[in-house]
Amino acid sequence: MPPIDQITAFASDQPVLTVIIGVFALVLLVVAYFVLRAIQRLAVRFYHRHVAPRPAEDILTIVAASIATGVSAQGMWRFSGDVLGFDGPLRLLLFAFIEVAVITSAVRARRNMRENFSAGIDGVAVWALTGLTAVLSSMDARSAAEAIFRLAAPLVAAWLWERGMAIERHRITGRARINWRITPERALVRVGLAEVSDRTASEVDAHRRLTRVALAAKRARALRASGASDRKMRVALTKLDRAMDRAVEHSGLAVDSARQEALLSQIGALYNTSALIDLTPPVPWAEPERPAVAVGPAALRPPVDDDDDELHVLDVPPPIVDTAQRAALMRAAREYWDKQIERKFVPRAADIAHETGVSLASAREYRALWKLEPKAHALLEAAFHEHGIVDTGTFPAIETEHVLTVNGSSPGR
């Protein structure tokens, strides 16, 4: 007889019992509905409180670590039955005691990290217990592949836990726990395969070519100053010429004003290395000297600078200009300098600033570099030997029988 016929016959024979069973089934359905609704609400509340605030990588870490812990627990289940001989409830209660200890130590380590910013001894216990359960579960393996798998599963769980701890530690403290002195990045930078800055390959190549030009110029200058032989000078000048040709060809030195200025800055730094020993830098912990404030009628008189007549050029910070304008001002200053040197006259920084419009600070930098050139240096040496005047950039005109003027203007101008 089909089941539907059996149910119909039972309802006909036992109507009261059928009604009781129907009411009981309806009550069970209502209770099941409310239970499922409560479970759904708890799941939603748990999701919004514990899952939604966490990033996706933390959730995946927990899931993967749980799977790896389950694999380790399954290995300990077999170990407790095959090796230890546990069976029944005893086996069910005791097989996963190490996994429970690992989870307990992991929870304690996370709490210590949040309170003391360090996992402490519990972090060490996590790795020690993980290694213990990995070894024990692999001892009951039936093959080498199974042994390797059971060794790897607990270690994967411990590694995922460690990485989750590191991410949370960085999120809380804003810093890493340790900075290694030997890293792949530092090793690649050391051997020259990586760049420490975010410069492009073309920028790095241009900088290296400009540096080669500056170093070759310094080498040739040193050989000339030491009175080297003609052969050495020819070799040095050949290297300088070759480095300049390559810089012009590959770095756009002839048309790029920024790189021209960078080359001049490198040459200026290399040529004046000996000036570093004469510097007197300020003491960083010394109190700054307070200027004296004049009181009375003397304060109303304009200040007079007897030592440095700068043609009323104010020593103010240089204005902010773009690269093209700065290069144009530099070329104008250079043209003025060359013209005055041809007239046997070494202009002051104030003269350069007044005639070309560059700032006084820039004019001083240009003059400090250009006065080391042979023609200007010869004029300054002549002024020193004939009149005993040391170049400070501000001394007045020097009149001689050959109408030679240095750092000033001739009377006939």
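1. S265 is partly exposed, with a relative accessible area of 45%. The model discussed here is predicted. S265 sits in helix α11, which covers residues 257-271. Its C-alpha atom is separated by 9.3 Å from that of L369, although S265 and L369 are 104 residues apart along the chain.

2. The largest nonpolar core has 17 residues. Those with the most contacts inside this core are A333, W337, I341, V346, I352 and A363. Four helices give two or more residues to the core: α12 (323-342), α13 (349-356), α14 (360-370) and α15 (374-387). Of these, α12 provides the largest share, 5 residues.

3. Helices α12 and α15 are also linked by charge. K375 and E342 form a salt bridge, with the closest N and O atoms 2.9 Å apart. Because K375 lies in helix α15 and E342 in helix α12, the pair ties together parts that are 33 residues apart in sequence. Both K375 and E342 are exposed.

4. The loop between α12 and α13 holds two residues worth a look. One of them is K344, placed in this loop. K344 has a positive phi of about 65 degrees although it is not a glycine. The backbone at K344 may merit a check in the viewer, given that phi value of about 65 degrees.

5. The other is R348, found in the loop between α12 and α13. R348 makes a salt bridge with D351, the closest N and O atoms being 3.4 Å apart. Both partners, R348 and D351, are buried. For R348 the relative accessible area is 11%, so this residue falls under the 20% limit for buried. R348 also has R364 at 8.3 Å, C-alpha to C-alpha, with their positions 16 residues apart in sequence.

6. Over the whole structure, a search finds 8 salt bridges. Besides the pairs K375 with E342 and R348 with D351, there is one between the side chains of E146 and R150, at 3.1 Å from N to O. E146 and R150 both belong to helix α7, residues 144-173, and lie 4 residues apart, about one turn of the helix.

7. Are E146 and R150 buried or exposed? E146 has a relative accessible area of 17% and is buried. R150, at 8% relative accessibility, counts as buried too. Both values are under 20%, and therefore both residues meet the criterion for buried. Salt bridges that share partners join R78, E146 and R150 into one network.

8. A positive surface patch is made up of R208, R212, R219, R231, K232, R234, K239, R242 and R246. The elements that give two or more residues to the patch are α9 (201-225) and α10 (230-251). The largest share, 6 residues, comes from α10.

9. Two of the arginines in the patch can be described further. R212 lies in helix α9 and is partly exposed, with a relative accessible area of 48%. R219 is likewise placed in helix α9, and its relative accessible area is 53%. Since exposed means over 50%, R219 counts as exposed, whereas R212 at 48% counts as partly exposed. R219 and K239 are 20 residues apart along the chain, and their C-alpha atoms are separated by 9.6 Å.

10. The surface also carries a nonpolar patch, formed by V19, V23, V27, V31, V35, L36 and I39. Together these residues have about 620 Å² of accessible area. V19, one of the patch members, is found in helix α2, residues 15-51. At 54% relative accessibility V19 counts as exposed, because the limit for exposed is over 50%.

Technical notes: Residues numbered from 1 in each chain as written. Predicted model: local features only at pLDDT ≥ 70, side-chain atom pairs only at ≥ 80, totals over all residues. Heavy atoms only, no water. Patch = residues over 30% accessible without salt bridge, like charges linked within 9 Å, V, L, I, M, F, W, Y side chains within 5 Å. Areas by Shrake-Rupley, 256 points an atom, 1.4 Å probe, with all protein chains shown as cover. Salt bridge = Lys/Arg side-chain N within 4 Å of Asp/Glu carboxyl O. Lys, Arg positive; Asp, Glu negative; His and termini not counted. Charge placed at Lys NZ, Arg CZ, Asp CG, Glu CD. Buried < 20%, exposed > 50% of the residue type's maximum accessible area, 1.4 Å probe, protein only. Core = buried A, V, L, I, M, F, W, Y, C linked by side-chain atoms within 4.5 Å.
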